[in-house]
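Subject: Structure handover

Hello,

Here is the structure I promised to pass on. My notes on its strands and its pocket follow below.

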Amino acid sequence: MDEHSQQSDVVKAPPEPLVAIQLLNATRILVINSKGGAGKTTIATNLASWLSRRGERTVLLDADPQGSSHYWVSHREQALPSVHGVKIDNNSRTTRSFQWRAPKSTRWLITDAPPGMNGPALDDLLQDHDLIVVPVLASDIDIRASARFIGELLLTQSMRRKRRPIAVVANRVKQHTKAWERLQKFLLSLNIPYPATLRDTQNYVRAYAEGRGVADYPQQSHERDRDDWQTLLCWLDAQGSGDQWLQREEPNKSVAYAG
Ligand SMILES: Nc1ncnc2c1ncn2[C@@H]1O[C@H](COP(=O)(O)OP(=O)(O)O)[C@@H](O)[C@H]1O
Ligand SMILES: [Mg+2]
């Protein structure tokens, strides 16, 4: 071992123990839509950036084999509030969330879900999260696909056993279009809140490439986009203010709830 590596061994803090995500004393947020391109990664990375600014341990778990969230974490400047990235191994696509681990001190766990989730794998994912955020694009094709997906979500065993709060984020909205009006009607009909409406802007595209969220740009050019997140952040706080982890289902005890 050379002198340099000996020195770095001395200054390095010991790695924090990883624990199963079911055992975290954290609010676990699942960003999911079965459709690709709805904005899961954009919303997961921006949420991570907002929550890390509070100085609370924020973990972004990339469950999509495409690895887009993990790429974002790896491009995040060290000077910015840190987001801890956890990547689910590409080779273990079948790995179920009960095997996932994150640092023990995690306060916020944000999972960027893969597209096309359904059946038992979807049920599993829902069981291991407290809050569900569904991005929906304001186009007819996406509204139809998302309506079906939300219907499927609500019918899973996990949701029927314990209804987790769901919020929809209306993404890439161009105000005053027919598609936007239809999206509003659709959300009202489901009685599901939509606490954020994000506009279609290159600010999100640039932020992703720079490992940032819109929260990381103090400039006035991003003020409107920063404002768009405030109601969703309030919604998260309002849902997470209870002792939700004390009321959690015990991991792998689904049989106990079958009746
Ligand atoms: N509000 C937005 N404004 C502009 N571009 C967006 C917005 N949201 C997402 N995008 C872009 O749309 C594409 C798909 O978004 P992404 O977050 O990767 O979706 P998903 O993870 O659901 O597949 C990306 O190129 C992303 O930069
Ligand atoms: Mg993605």
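Strands β2 (residues 27-31) and β6 pair in the parallel sense, over five bridges. Within that pairing, Ile29 stands opposite Ile110 of β6. Please keep in mind that this is a predicted model.

β6 has another partner. Strand β3 (residues 58-62) also pairs with β6 in the parallel sense, again over five bridges. Here the bridge partner of Thr58 is Trp108 in β6.

Now β6 by itself. The strand spans residues 108-112, and five of its five residues are buried. In a regular strand, side chains alternate between the two faces of the sheet. Which residues of β6 are buried on one side, and which on the other? Trp108, Ile110 and Asp112 are on one side. Leu109 and Thr111 are on the other. Both faces are covered. Ile110, the residue opposite Ile29, is thus among the buried ones.

Next, the pocket. The largest one holds about 450 Å³ of space. Its lining counts 23 residues. Those nearest its centre are Gly37, Gly39, Lys40, Thr41 and Thr42. Three elements give two or more residues each to this lining: α2 (40-52), β8 (166-173) and α8 (202-209). The largest share comes from α2, with five residues.

What is the lining of the largest pocket made of, by class? There are 11 polar residues, six nonpolar and six charged.

Best wishes

Methods. Residues numbered from 1 in each chain as written. Chains lettered and ligands numbered in written order. Predicted model: local features only at pLDDT ≥ 70, side-chain atom pairs only at ≥ 80, totals over all residues. Heavy atoms only, no water. 1 Å grid on protein atoms, 1.4 Å probe; cavity = no way out; pocket = protein on both sides within 12 Å on 5 of 7 lines; lining within 4 Å. Points joined across faces, edges and corners; volume = space filled by probe spheres on them. Helix = DSSP H or I, 4+ residues; strand = E, 2+ residues; numbered from the N terminus. Nonpolar A, V, L, I, M, F, W, Y, C, P; charged D, E, K, R; others polar. Buried < 20%, exposed > 50% of the residue type's maximum accessible area, 1.4 Å probe, protein only. Pairing = 2+ DSSP bridges.
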